[in-house]
Amino acid sequence: LLVRAGDDLAETALFARFVPLAAQRGVPVILEGPDDAIPLLETVDGAARVVRRGGRFANVAAESPLADLPRILGTTLDTIPAQGGYLRVPRSPRRELPAPVPGRIRIGIQWSTGAVEADARSPSCLLSQFLRLAERPDVDLVSLQAGAAQDIAEAGAGALVQEIEGIEDPAVFAAALV
């Protein structure tokens, strides 16, 4: 089974949890992605191989976008894999990120895919829709959104949402999730 990851690191991180489930079905999984995502994809359990986008593959019986695995596997709300630690930081980020505050939950948010707004399939929403989470005393919101400074400033959310520089780097992105 050839599973193709998209360009969006947040989407890749979200749906990577389904690769081990696909592999448990007894078919070898080849996980394909863009160059910048390869270090992150190589940390995903269940992939027999991780390859760069654009290669040709012999003996591939089927292929699927990574984001389609939940549907293909018949996932329901009760069967979403919830185990922690299905991704690892692929290498040390260029800079140290602040450690999570003990007793608080760090929640990574991404509110826009950058897709054209007229595209009805775009999962984009407004940053303001996440801000109620920040009202909880046990929650820290961390932006997984590349280039988020303007959105955060416009929403008046600078004190509520931590922006991380260099989030486009897979190591920084992964470090923000753990």
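## Notes on a predicted two-sheet chain

1. **Surface.** The accessible surface of the chain comes to about 10,400 Å². Carbon and sulfur atoms account for 52% of that surface. Keep in mind that this is a predicted model.

2. **Overall dimensions.** The chain has 178 residues, and a compact globule with that many would have a radius of gyration near 16 Å. The chain has 17 Å, which agrees. Along the principal axes, the C-alpha trace spans about 55 × 40 × 35 Å. Buried residues make up 36% of the chain. Look also at contacts between residues with a separation of 6 or more: 67% of them join residues 24 or more positions apart.

3. **Layout.** There are seven helices and seven strands. Follow the sequence and you read β-α-α-β-α-β-β-α-β-α-β-α-β-α. The strands to trace next are those of the two open sheets, one with four strands and one with three.

4. **The four-stranded sheet.** In what order do the four strands stand? The order is β3-β2-β1-β4, and the pairing is parallel. The edges belong to β3 (47-52) and β4 (63-65). Each has a single partner strand, so one side of each is left without a neighbour in the sheet. From one strand to the next, the twist averages 25°. As background, strands of a sheet pair through backbone hydrogen bonds, either parallel or antiparallel.

5. **Pairing around β2.** Strand β2 (residues 29-33) runs parallel to β1 (residues 2-4), and three bridges join them. Two residue pairs are worth finding. L2 has I30 of β2 as its bridge partner. R4 is partnered by E32 of β2. Toward β3, the pairing is again parallel, over five bridges. There, V29 has A47 of β3 as its bridge partner.

6. **Burial of β2.** Is β2 largely enclosed or open? Five of its five residues are buried, so β2 is largely enclosed by the rest of the structure. V29, L31 and G33 point one way from the strand, while I30 and E32 point the other way. Residues on both sides are buried. Note that E32 is among them.

7. **The largest nonpolar core.** This core holds 30 residues. Which of them touch the most other members? They are V19, L31, L66, L69, L87, I167 and F173. At least two core residues come from each of α1 (9-15), α2 (19-24), β2, α3 and α7 (170-177). A second core, of 12 residues, lies apart from it, and includes W111, L127, L141 and I152. In soluble globular proteins, nonpolar side chains tend to be buried together.

8. **L31 up close.** Leave out residues up to four places away in sequence, and L31 touches V3, V19, L41, V44, A47, R49, V50, V51 and L66. Two of these, V19 and L66, also appear in the list of core residues that touch the most other members.

9. **S64 at the edge strand.** S64 lies in β4. Is S64 buried or exposed? The relative accessible area of S64 is 4%, and buried means under 20%, so S64 is buried. Beyond residues up to four places away in sequence, S64 touches L1, L2, V3, R4, L69 and I72.

10. **Helix α7.** Seven of the eight residues of α7 are buried, so this helix is largely enclosed by the rest of the structure. The buried residues are P170, A171, V172, F173, A174, A175 and A176. What covers them? The cover includes α1, α3, β5 (105-109) and β6 (139-143).

11. **P39 and A171.** P39 lies in helix α3 (residues 38-41). With a relative accessible area of 29%, P39 is partly exposed. How far is P39 from A171, given that 132 residues separate them along the chain? Their C-alpha atoms are separated by 7.8 Å. A171 itself is one of the buried residues of α7.

12. **The three-stranded sheet.** This open sheet has the order β5-β6-β7, with parallel pairing. The edge strands are β5 and β7 (161-162), and each pairs on one side only. Two bridges link β6 and β7 in the parallel sense. For one of these contacts between strands, find V142: its bridge partner in β7 is Q162.

How values were computed. Residues numbered from 1 in each chain as written. Predicted model: local features only at pLDDT ≥ 70, side-chain atom pairs only at ≥ 80, totals over all residues. Heavy atoms only, no water. Buried < 20%, exposed > 50% of the residue type's maximum accessible area, 1.4 Å probe, protein only. Pairing = 2+ DSSP bridges. Axes fitted to C-alpha atoms, helices over the stretch in contact; angles between N-to-C directions. Core = buried A, V, L, I, M, F, W, Y, C linked by side-chain atoms within 4.5 Å. Contact = heavy atoms within 4.5 Å. Rg over C-alpha atoms; globule rule 2.2 N^0.38 Å. Areas by Shrake-Rupley, 256 points an atom, 1.4 Å probe, with all protein chains shown as cover.
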